[in-house]
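Here are a few warm-up exercises on a ligand site and a small sheet. Try each one before you read the solution.

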Amino acid sequence: MPKKDTVTITDNATGKTMECPVLHGVHGVPVVDIQGLYKNLGYFTHDPGFTTTSSCESRITYIDGDEGVLLYRGYPIEQLAEKSSYLEVCYLLLYGELPTPTQWQDFEARIRKHTMVHEDGRHFLRGYRRGAHPMGMLVGLTGAMSTFYHATLDVGNPEHRNRSAMRVIAKMPTLAAFIYKHGVGQPYVYPNNKLSFVENFLNMMFSVPAEEYVPDPVAVKALELMLILHADHEQNASTSTVRLAGSSGANPYACIAGGVATLWGPAHGGANEAVIKMLHAIGDAKEIPKYIARAKDKNDSFRLMGFGHRVYKNFDPRAKLIRKACYELLDKLDASEQPIFEIALQLEKIALEDEYFISRKLYPNVDFYSGIILSALNIPLSMFTVMFAMGRSVGWISQWMEMMGEPNQRIGRPRQIYSGAAKRDYIAIKERD
Ligand code: ACO
C-alpha cells in the first residue's frame, strides 16, 4: 500500500465528520476504508450484492472490468493461456511465483502422489441415486473429504494447509470422473499418473476396460485452456463463500464444498449448462429473434444465458481466448452441421449487433463458449459446472490459503438493515383473532 490519502464523510444530521483513509492497491480503483464508521458516526454501510465493497486485500488475481484485463499474480491471462499449463498456473496461484525447474518437479510429483481418492470415499457414490445431479454429488464428496484426513486438518498449521491444497487440486479430477462414471453406470477408472493432468482426467472419464482410449490432443488442448481460464477470478460469489466459510476456522474441504454449492447457481458457474439448455430450447436459428425479444422484455424473467458479467463491462478477456479455441475446435470437429452450434454462432452475432446488448455492455462471457466447447468434447451437460469447479478449485484453495496465512484474520460477519416487525409482545394463542 504505497500511497495514503483520506476521504471526509460528513453526517449532515449532526455535523460530525470522519476522516477515512483511502487505500491504494498496485492496480485498480482506490478503496475508502470505512471500518471506523460505526464507532465514529454510528452508521453501517448498505451495499446489497457487494457491488462497491472490497472484502479483503489479496495478492492473487486482478481484474480490470472496464479494460478487459485479467492477471494471475501479475501475469496476463493471454500469456498464461498461450505459454503455460493448468498445473503450472496452479503453482503460480498458490505460491505467487512461476516455479523453477526443481520446484516444478517437486510440485508435479506431489500432485501425482495425491490423485487417488480413499476407497471408502469412492463408496460414498453408491449412496447417490442414478440421475443425481453431478454438482449435488460434488458438494457431498468435497465436504466428505474432511472425514478422511483428520491428521492434517489443523487450519493454523501451514504444512497442513499446503497438504490440503495438494489434495484438493489432485483429487478434484478423480472425483469428477468418478461422479460421471457413477451416472453412466460404467466402472470407475483409477488415475494413471504417467499421463498429464488433463490427459489423466479424460482417461478417467472416457476409457472403459473393454477398449483402449487415447485422449485426442485437440480435446486435451481445449480443456487445458478452459481450466487455465477458470482457475481464479478474485472475489466472485463462490470464492467469497469459501473465504467466508474459512473465516470461521472451518476446514478447507468444508469451505470448498460451500464454493461448489455457490458455483452451481445459473447466475454463476451454472451458466455454462444453462447456455446449452437455452440453445436446445431455441432449437432453430429462425427462433432467435423471439428469444432476443424475450431477453429485452422487462416483464419476462428470461435472460440470454452466457451474456453479461458483473465486473466485465467491456469484454471478458477469457471469452476472447476461449472464443478462438471454440471456433478452432468446431472447425476441426466439423461441428458446423450440428444445429446448436449453428444457433450459438448466430445468436452471438445478433446479440453483438443489438442496441439493447450494446448499450448495457452485455457481451458473451466465458460460459457462453465453454459450454459450447464442452458440448463439442462430448462432456455431458450435467457435468459442465463440475468442469468449472475442477478448474476453480485451485483459486478457492489459494484464496483460502492466503486468508488463513494472515495474522489478523477475523470472522466475516456482514450487517443488515432490519425491515421486519418492530419490537412487540407475545400474545397467548387464545387471545389471537
Ligand atoms: N440477458 C438480458 N438482459 C441482461 C442480461 C442477460 N443475460 N444480463 C443483464 N441484463 C440486463 C439487465 O436486465 C439490466 O437491464 P436494465 O438496466 O434495463 O435493468 C442490465 O442488463 C444490467 O444487469 P444486472 O442484472 O444489473 O447485471 P449484474 O451485474 O447484476 O448481473 C449477471 C451479471 C448475473 C452475470 C447477468 O448478466 C446475468 O444474469 N447473465 C446471464 C447468466 C450468466 O451468463 N452468468 C455467468 C456469469 S460469468 C461467470 O460466472 C463465470
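**Exercise 1.** Which backbone atom type of Gly306 could you look for, and how many Å from an oxygen atom of the ligand does Gly306 place it?

*Solution.* Start with the ground rules: this is a predicted model, where local features need pLDDT of at least 70, side-chain atom pairs count only at pLDDT 80 or more, and totals for chains, interfaces and linings use all residues. Residues are numbered from 1 along each chain as its sequence is written, and side-chain values use heavy atoms, with hydrogens and water left out. Now look at Gly306: a backbone N or O atom sits 2.8 Å from a ligand oxygen. That fits a polar contact (a pair of N or O atoms within 3.5 Å).

**Exercise 2.** Find polar side-chain atoms of His268 and Arg310 by a ligand oxygen, then work out how the ligand is covered.

*Solution.* Step one: His268 gives 3.2 Å. Step two: Arg310 gives 2.9 Å. Step three: alone, the ligand exposes 930 Å², and the protein buries 75% of that (Shrake-Rupley, 1.4 Å probe).

**Exercise 3.** Describe the shell around the ligand.

*Solution.* Count residues with a heavy atom within 4 Å of the ligand: there are 22, and Arg303, Leu304, Gly306, Phe307 and Arg310 are the closest. Then sort them: eleven nonpolar, five polar (Gly counts here) and six charged.

**Exercise 4.** Which strands stand at the edges of the sheet 4-5-6, and why is one side of each left without a neighbour?

*Solution.* The sheet is open, with antiparallel pairing (at least two DSSP bridges per pair). Strand 4 (61-64) and strand 6 (75-76) each have a single partner strand, so one side of each has no neighbour in the sheet. Strand 5 (residues 69-72) joins strand 6 over two bridges, and Leu71 stands opposite Pro76.

Note on methods: A polar contact is a pair of N or O atoms within 3.5 Å; within protein, one must be able to donate a hydrogen and the other to accept it, and residues adjacent in sequence count only if both atoms are side-chain atoms. Helices (H or I, at least four residues) and strands (E, at least two) are DSSP runs, numbered from the N terminus.
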